[in-house]
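Q: Please take a close look at one part of this structure, namely the disulfide and the sheet region that follows later in the chain, and explain how the pieces are placed and what holds them to one another.

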Amino acid sequence: MSSSIKKLAVAVGVAAIVVSTPVAGAWAVDGVPGDTSGKGLRTQSVAEGEQHPPRHAQDGEQRTVARTVGSGIVDGKEWSVTLRFYPEVPEDFPSTDGTSGFGDSRPQNPALLCQRVFIGGVQVDHQAGPWAGCSVVAGRDDFVEGAGLHGLTDKGTSGTRIFVGNPASGTASARLTLDGGTVRTAEVVTLPGTSYRAFALPVADGETIASVDTFDGRGNRLTHETYWD
């Protein structure tokens, strides 16, 4: 189960929750390399040029789109985080489930956003059913901001976990610093044709987060959080 979100900003009456991407290697912010050592940990993130493909009108507006936010190996287990956007809420999505996930109510023209975290081939919160990690949002251009730790035990407070952030517009990268000085970095990935974005970084069993920072495209720090221990 995932832990509760520590920070949340809402627009258009929709709240945030907390979901990863093969391609290219982990990269650095301010010259700090991504950590690829210890605990069998490997991290991958999407290359800058792939984050913002051209938005296609008409037919593109009706397509379901998906993207891996991050993936790799931690504690010998494969992990991944994905975003998937449905322009219309699927018929089999529970009509009474408007308060779970990202949305706390159903908007006038609802769409569906799914943010799913997998660790060792098991989806976090899979006990909630086939639509775990999904919630109703107000179309492609709604706004979601928040962050959380996701794990399969103790609501994400221990064991192997994945830190997933949904940062503000203009955020290009994130840096997670562990107690002891280990640093991991990731790019922010935007779901094509939408305003939804996320980054994901692994936290191995026994590791403690000292801080999480986000940066714009020029390397200027936007946020600094120290309460994720």
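**The disulfide and the four-stranded sheet**

A: In this predicted model, a disulfide joins Cys 114 to Cys 134, with the two sulfur atoms 2.0 Å apart. Cys 114 belongs to strand E5 (residues 111-119) and Cys 134 to strand E7 (residues 134-137), so the link ties together parts that are 20 residues apart in sequence. The angle about the S-S bond is 110°, and the link of Cys 114 and Cys 134 is right-handed. Both ends are away from the surface in the sense that Cys 114 is buried and Cys 134 is buried as well. A search of the whole structure finds 1 disulfide.

Turning to the sheet, 4 strands form an open arrangement in the order E11-E10-E14-E15, and their pairing is antiparallel. E11 and strand E15 (221-225) stand at the edges with a single partner strand each, so one side of each is left without a neighbour in the sheet. From one strand to the next, the twist averages 15°. At the E15 edge, E14 and E15 pair in the antiparallel sense over 4 bridges, and the bridge partner of Val 212 is Glu 225, a residue of E15.

The segment after E15 holds Thr 226, which counts as partly exposed because its relative accessibility is 47%, a value that falls between the 20% and 50% cut-offs. Although Thr 226 and Ala 210 are 16 residues apart in sequence, their C-alpha atoms are 5.9 Å apart in space. Leaving aside neighbours within four places in sequence, Thr 226 is in contact with Ala 210 and with Ser 211.

Salt bridges come next, and a search of the whole structure finds 2 of them. In one, the side chains of Glu 207 and Arg 184 meet at 2.9 Å, N to O. Glu 207 lies in the loop between strand E13 (197-203) and strand E14 (209-215), whereas Arg 184 lies in strand E11 (residues 183-187), so this pair ties together parts that are 23 residues apart in sequence. Glu 207 and Arg 184 are both buried. Another salt bridge is formed by Asp 213 with Arg 221, where the closest N and O atoms are 3.4 Å apart. Asp 213 has a relative accessible area of 2% and is therefore buried, the cut-off for that label being under 20%.

A loop residue completes the picture. Thr 171 is found in the loop between strand E9 (161-166) and strand E10 (173-178), and it counts as buried because its relative accessibility is 10%. The side chain of Thr 171 reaches the backbone oxygen of Ala 168 at a distance of 2.8 Å. When residues up to four places away in sequence are not counted, Thr 171 touches Val 188, Thr 214, Phe 215 and Leu 222.

Taken together, the region can be read through its links: the Cys 114 to Cys 134 disulfide, the salt bridge of Glu 207 with Arg 184, the salt bridge of Asp 213 with Arg 221, and the antiparallel pairing of E14 with E15.

Methods: Residues numbered from 1 in each chain as written. Predicted model: local features only at pLDDT ≥ 70, side-chain atom pairs only at ≥ 80, totals over all residues. Heavy atoms only, no water. Helix = DSSP H or I, 4+ residues; strand = E, 2+ residues; numbered from the N terminus. Buried < 20%, exposed > 50% of the residue type's maximum accessible area, 1.4 Å probe, protein only. Polar contact = N/O pair within 3.5 Å; in protein donor to acceptor, adjacent residues only side chain to side chain. Contact = heavy atoms within 4.5 Å. Salt bridge = Lys/Arg side-chain N within 4 Å of Asp/Glu carboxyl O. Disulfide = S-S within 2.5 Å. Pairing = 2+ DSSP bridges. Axes fitted to C-alpha atoms, helices over the stretch in contact; angles between N-to-C directions.
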